[in-house]
Amino acid sequence: MSGTFLGMPPFPVAARAALADTQLRHNLAHATGTIRAKRADVVAEVDNWEELRVAGAAIKDNALRSLDATLLRLEKSLQDNGVTVHWARDAAEACSIVAAVALSHGVDEVVKVKSMATQEIGLNEALAEHGVAAWETDLAELIVQLGDDLPSHILVPAIHRNRAEIREVFRDRMAGAGKAAPDGLSDEPADLAAAARAHLREKFLRAKVAVSGANFAVAETGTLVVVESEGNGRMCLTLPEVLVSVVGIEKVVPTWTDLDVFFQLLPRSSTGERMNPYTSTWSGVAPGDGPREMHVVLLDNGRTRVLADEVGRQTLRCIRCSACLNVCPVYERTGGHAYGSVYPGPIGAILNPLMKGVGDDAQTDSLPYASTLCGACFEVCPVRIDIPEVLVHLRSRVVDAHRPGPPSAEALAMRAAGWVFGRARRLGAVERAAGLLSRALRGRRSLRWLPWPGSLWTGARDLPVPPRRAFRRLRSERR
Amino acid sequence: MTARDEILAAVRRALADAEPTHAQVSRAYRDTPPPPDPVALFVERAAEYRAHVVRCAEADVPAIVAAAVGPTARVLLPPGFPYPVAGQVDTGETATRLDDFDAVVTTAALAIATTGTLVLDHGPGQGRRALTLVPDTHLCLVRADQVVADVPAAVAALDPARPQTWISGPSATSDIELTRVEGVHGPRTLHILVIDPA
């Protein structure tokens, strides 16, 4: 029902294609610009924002530092609340647990709350193989699913689509999945949302099994939290008889009162609102209210690998707000598809290599380089993940992973530079040569083109012309 | 080895080199001074989500509710609803039957001033979660003394064992070009009545 990220080319190749798509660049610039401004406004009105960021980071760090104990506490609380707890090492195991629950209730469809974890494990495709249709109910996920498309943003997966494109998708595809779009559907967002409401309502009212993720899981109380806007989450969490929640092991927070930090950080960072329209919290089965059977699948799928990386483990603090995407100059221009993962943008550039490991796959290895290291992502991160630090760390891991092989052009250039800088006399000779070159260029400040192999550099950047006299020369003359 | 044992073993291996001591979490963020008039702030901020907010006396509740839902509306009430409002009390109807009602009228557990949020913990007067979800209009009554200053005050006052729904305006989406549209799957219209003490 939807496309796949498998076989995506490395970032520079995918980015080249994305950059040539002027419609995409227009859609992205508009969308990210809007949301950046909204976030800045609502963050500015919180006097103690930095205190909240520091507290959010510390709470997550504490949960992660004793993750084994925290998870066992969560498991016990969930079980005490009447929830069946499953553990899944990887995507395949998680998918087969969800499929088994659905099949045990004899259903051929489930409704889904928007969830990054279920996207990550490819749950919809896996359920389809078992003859179970998984209906996405978030508006943007619906657009992606109906359009046989791929998500390109964590919060707004259809951010790359404008209203006219969305109308086309609804008009052409809704009938094939259920209730058709109304005749004469306009491209007004309100009309498109109304069409989605009518299309999905019949699915909500008849669904027996729902699948969700969770934004937070509270170890102390066994409480799960879903933060949303449209009410599709509430529909899925409330109306069906059976609820399966797939929860990454890093979603755990120690106590209920810790949520007073994240309920402030997440909506303001994510949608740029003081509070999102709906937040649901539940602690197991509530008699006479909502699902009668609940399952939680605790998912690893590479998270313990991230935890083992001393520098990279801070990435597990991530609460999937997507603020880093919206401020990233690279993301704003290439969009999310170029990252080849459900986790795009700066967070994706570190999370994917950390979860999958580096050295095996050119696409994954290209991601730590998909950044200018400008640091805007760190500045907006509500849990203070130092993304540039992790990017640089991962670049070194990628270089180390390829060390036994033939050296890259970059490695050779660095080696040559190392040789020059290793002796004052060599450096002086190069500086004198560069000074002569500079004189020959007669006042030009920069070069836009060099012959190969210099063209590898000047293909994307200008080269500043070296000074006529180097600093060391000037200094020795002054003495 | 079971998946559980393997994941826990992997966690312990991953943390073998990690600092085991926990960082002190500074809770200074809870000490922000409360807004001078929390009720007024709640009214202002809830209205910014395009909820219809009025302040009224308890005696005016039936008339305001009747005017808001209109004369022909089929109105649903939760068990234990404490105000004299005309409507049918929920007896556990199916979701499809709930879809036949135009409006639901409930109370709330509390309200949050700085974010304009209502919180329902689905006790008496608030109803099970589906009641305030399926009908297209939700009227929520909250007493002025139920308005707390901010999110930390709300979290501290609420019981996590109860299911909760935090509601900030009518359902909304910004999924199309980041343009906010009020009204998707949850109630498209939200009325809030803030009842001032007599």
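Which residue is the bridge partner of Val209(A) in strand 7 of chain A? I looked this up to begin with and found Val242(A) in that place.

**Conventions.** I am working from a predicted model, in which local features need pLDDT of at least 70 and side-chain atom pairs count only at pLDDT 80 or more, while totals for chains, interfaces and linings use all residues. Residues are numbered from 1 along each chain as its sequence is written, and chains are lettered from A and ligands numbered from 1 in the order in which they are written.

**Sheet within chain A.** I noted that strand 4 (residues 209-212) and strand 7 (residues 242-248) of chain A run parallel and are joined by four bridges; strands here are DSSP runs of E with at least two residues, helices are runs of H or I with at least four, and both are numbered from the N terminus. Two strands pair if DSSP finds at least two bridges between them. Strands 4 and 7 belong to an open sheet of six strands in chain A, ordered 1-10-7-4-2-3, with parallel pairing. I found strand 1 (84-88) and strand 3 (133-136) at its edges, each pairing on one side only, and a twist that averages 25° from one strand to the next.

**Sheet shared by the chains.** I then followed an open sheet of eight strands with mixed pairing, in the order 8(A)-5(A)-6(A)-9(A)-9(B)-6(B)-5(B)-8(B). Where the chains meet in this sheet, strand 9 of chain A runs antiparallel to strand 9 (residues 164-167) of chain B, with four bridges between them, and I saw Thr279(A) opposite Trp166(B). On its other side, strand 9 (residues 278-282) of chain A pairs with strand 6 (residues 223-228) of chain A in the antiparallel sense over five bridges, and Trp282(A) is the bridge partner of Leu224(A).

**Contacts between the chains.** I recorded 76 residues of chain A in contact with 61 residues of chain B, where contact requires C-beta atoms, placed from the backbone, to lie within 7 Å. Helix 3 (residues 49-65) of chain A gives the most to the side of chain A that touches chain B, with nine residues.

I next checked helix 4 (residues 67-80) of chain A against helix 1 (residues 3-14) of chain B, whose axes come within 9 Å and cross at roughly 150°. The two helices are therefore roughly antiparallel, a term used for angles over 145 degrees. In this contact I found Leu67(A), Asp68(A) and Leu71(A) meeting Leu8(B), Val11(B) and Arg12(B).

**Backbone exceptions.** Most residues other than glycine have a negative phi, and most peptide bonds are trans. I noted that the peptide bond from Trp452(A) to Pro453(A) is cis, with omega near 5°, and that Pro453(A) is in the loop between strand 11 (446-447) and helix 22 (455-458) of chain A.

I also looked at Leu373(A), whose phi is positive, near 60°, and which is found in the loop between helix 17 (362-366) and helix 18 (376-380) of chain A. Is Leu373(A) buried or partly exposed? Leu373(A) is partly exposed, because 13 other C-beta atoms lie within 10 Å, where 20 or more would make a residue buried and 12 or fewer exposed, with partly exposed in between. Arg384(A) has a positive phi near 55° and lies in the loop between helix 18 and helix 19 (387-401) of chain A.

Notes: Axes fitted to C-alpha atoms, helices over the stretch in contact; angles between N-to-C directions. Parallel < 35°, antiparallel > 145°, perpendicular 65-115°, else oblique. Contact = placed C-beta atoms within 7 Å.
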